[in-house]
Amino acid sequence: MADRGGKAPAWTSAAAVDVDAEMVIVGAGIAGLATALALRRLGVGAAGGGVLVLERHAELRSTGAALTIFPNGWFALRALGVAHKLTSRYDAFETSRVTTLETGATQVFRFAGRKSSSGDVRVRPMHRKALLEALAEELPPGTIRFSSKLASIATEKAQGSPEIAVLRLDDGTVIRSKVLIGCDGVHSVVSQWLGLSEPASSGRSAVRGLAVYPDGHGLKKELRQFLSEGLRAGMVPISDTDVYWFLVNNTVPAEQEAGTDPAKILREVTDNLGRHMPAEYLDVARHSDSGNLSWAPLLYRAPWAILRGPAARGPVTVAGDAFHPMTPDMAQGGCSALEDAVVLARALSRAATPADGVASYVAERRGRAAWLVAGAYLSGWVQQGGTNVRGVRGYMVRLFRDWIFYRFLFPRLADTMWFDCGDLVEPNAEGKTHSE
């Protein structure tokens with residue numbers, strides 16, 4: 001089957017057969033597609049069935065509408081060879097303007113922290129689907145298998161051979177693979193099989209949407225945030241016509257009542273939770289595309305569970321949200337998933353056995369992932385004025401936020417967004433580069 005340009009697509013539909021593969025990745029989100037591409041760049045898994053990506057949906061998911069890529073994400077995208085496809089489409093911005101509604105005070109800070117950005121290594125918001133497509137376009141035909149829902153996982157070991165993963169899909173297909181990588185999100189089937197703890201609630205939820213202005217919005221290219229008791233609202237232009245916006249709130253019963261109904265979600269924002277927000281913000285919310293409007297709890301895995309939990313068993317591991325789900329308060333979910341992809345592919349390319357590669361990857365990523373989760377949680381808790389914290393304690397948290405956090409702590413947190421996960425090639429003894 002060929003696409004409209006005549007090139008065979010990188011995906012197929014499911015069919016009930018027995019399959020042998022070198023590597024299986026569960027989930028065609030950012031982590032899954034980036035890992036598949038990183039493995040391809042290094043030639044890992046090229047033999048014996050290659051790399052197979054299983055996606056339970058019928059097409060690439062666009063849940064989340066948009067995301068922001070920080071310098072660490074661009075370092076990874078550059079290593080993957082796709083950064084140029086996105087920097088040419090999306091403009092960079094460097095400032096955030098934060099207004100506390102109760103006092104009217106506004107603070108301006110740089111997202112780059114204490115460092116200077118240049119070239120493609122800058123902060124850029126973008127459509128999530130554009131990133132997924134940029135990654136998927138680089139994969140060989142047949143790599144992604146849609147409508148493939150994982151039913152069970154097991155491992156088996158033949159005498160004298162390394163342990164392999166055995167997967168059963170709900171259509172009866174059995175897949176045997178030398179490596180299994182779970183990139184199947186916050187509620188990962190693979191992470192559950194490994195025995196990682198369930199994600200915990202942060203006590204906060206977020207409404208997220210994409211506003212569309214066919215004739216242009218005229219907004220300045222910066223992140224605007226508005227703080228109020230128990231609320232944090234924000235908006236940032238993605239293009240001349242599209243604006244990503246969000247409203248983070250202490251979890252309320254109305255979230256369950258609204259469910260996934262876009263009309264109810266928007267009405268709750270404009271008529272109740274966010275009714276006192278500035279007119280420009282409410283205008284953005286009212287221009288929302290109903291197909292990209294969501295309201296969901298913000299979950300995370302405890303840092304100590306990431307540091308000590310069973311993130312690998314033999315040739316099986318996890319990456320992205322399946323490994324280290326985090327709140328979005330430092331915009332590091334997608335960026336850290338891209339880091340995972342590069343580090344994991346590199347580890348597998350260097351190891352004597354798949355199990356050794358998986359263990360090396362987990363050991364390298366535990367510390368940074370735990371730190372990002374902790375930093376994101378702290379950032380969100382403080383900016384929210386202390387989740388469900390009221391009275392004198394709430395006042396003290398807000399005082400800390402307005403006078404200390406944004407001025408002194410956030411720049412230090414922003415410095416962690418300059419982490420460079422490295423390339424997929426490294427110099428050899430003669431100073432030249434070669435694929436690992």
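These are my notebook entries on two domains, one helix and a few single residues.

**Entry 1: the two domains**

I started by reminding myself that this is a predicted model. I then looked up how the chain is divided. The domain assignment gives domain 1 as 18-92 + 115-199 + 301-418, and domain 2 as 202-298. I noted that the C-alpha centres of the two domains lie 26 Å apart.

**Entry 2: where the domains meet**

How many residues of domain 1 are in contact with domain 2? I found 23 residues of domain 1 in contact with 22 residues of domain 2. My next step was to look up the size of this interface. A common way to give it is the accessible area lost when the parts come together. For domain 1 and domain 2 that buried area is about 1,900 Å², with 53% of it on carbon and sulfur atoms.

I also looked for charged pairs, and there are 3 salt bridges across the interface of domain 1 and domain 2. I wrote down the one between the side chains of D329 and R232, at 2.4 Å from N to O. The same interface has 5 residue pairs in polar contact.

Which elements give two or more residues to the side of domain 1 that touches domain 2? They are strand 7 (124-127), helix 11 (354-383) and helix 12 (391-415). Helix 11 supplies the largest share of that side, with 4 residues. By type, the residues on the side of domain 1 that touches domain 2 are 9 nonpolar, 9 polar and 5 charged.

**Entry 3: M126**

I stayed with strand 7, where M126 is found. Is M126 buried or exposed? Its relative accessible area is 0%, so I put M126 down as buried. I then listed the residues that M126 touches beyond four places in sequence: A65, A66, L67, I69, W74, L86, Y90, L131 and I238. I paused at I238, which is 112 residues from M126 along the chain, yet their C-alpha atoms are separated by 5.6 Å.

**Entry 4: helix 4**

L131, one of the residues touched by M126, is also among the buried residues of helix 4, so I went there next. Helix 4 covers residues 128-136, and 7 of its 9 residues are buried. I copied them out as R128, A130, L131, L132, A134, L135 and A136. What covers them? The cover includes helix 1 (30-42), strand 4 (66-69), helix 2 (71-80), helix 3 (83-87), strand 7 and strand 8 (144-146).

**Entry 5: two positive phi angles**

Most residues other than glycine have a negative phi. I found two entries to set beside that rule. S147 is not a glycine, but its phi is positive, at about 55 degrees. I located S147 in the loop between strand 8 and strand 9 (150-156), and its relative accessibility of 41% makes it partly exposed. A331 also has a positive phi, near 55 degrees. A331 lies in the loop between strand 18 (316-318) and helix 10 (333-350), and is partly exposed at 24%.

**Entry 6: S177**

My last stop was S177 in strand 11 (residues 174-182). S177 counts as buried, since its relative accessibility is 1% and the cut-off for buried is under 20%. What lies by its side chain? A polar atom there is 3.2 Å from the backbone nitrogen of V24. The backbone oxygen of V179 is 2.6 Å from a polar atom of the S177 side chain. Beyond its neighbours within four places in sequence, S177 is in contact with A21, E22, M23, V24, I164 and A165.

Terms used: Residues numbered from 1 in each chain as written. Predicted model: local features only at pLDDT ≥ 70, side-chain atom pairs only at ≥ 80, totals over all residues. Heavy atoms only, no water. Domains from an automatic or database assignment. Contact = heavy atoms within 4.5 Å. Buried area = accessible area lost by both parts, 1.4 Å probe. Salt bridge = Lys/Arg side-chain N within 4 Å of Asp/Glu carboxyl O. Polar contact = N/O pair within 3.5 Å; in protein donor to acceptor, adjacent residues only side chain to side chain. Nonpolar A, V, L, I, M, F, W, Y, C, P; charged D, E, K, R; others polar. Buried < 20%, exposed > 50% of the residue type's maximum accessible area, 1.4 Å probe, protein only.
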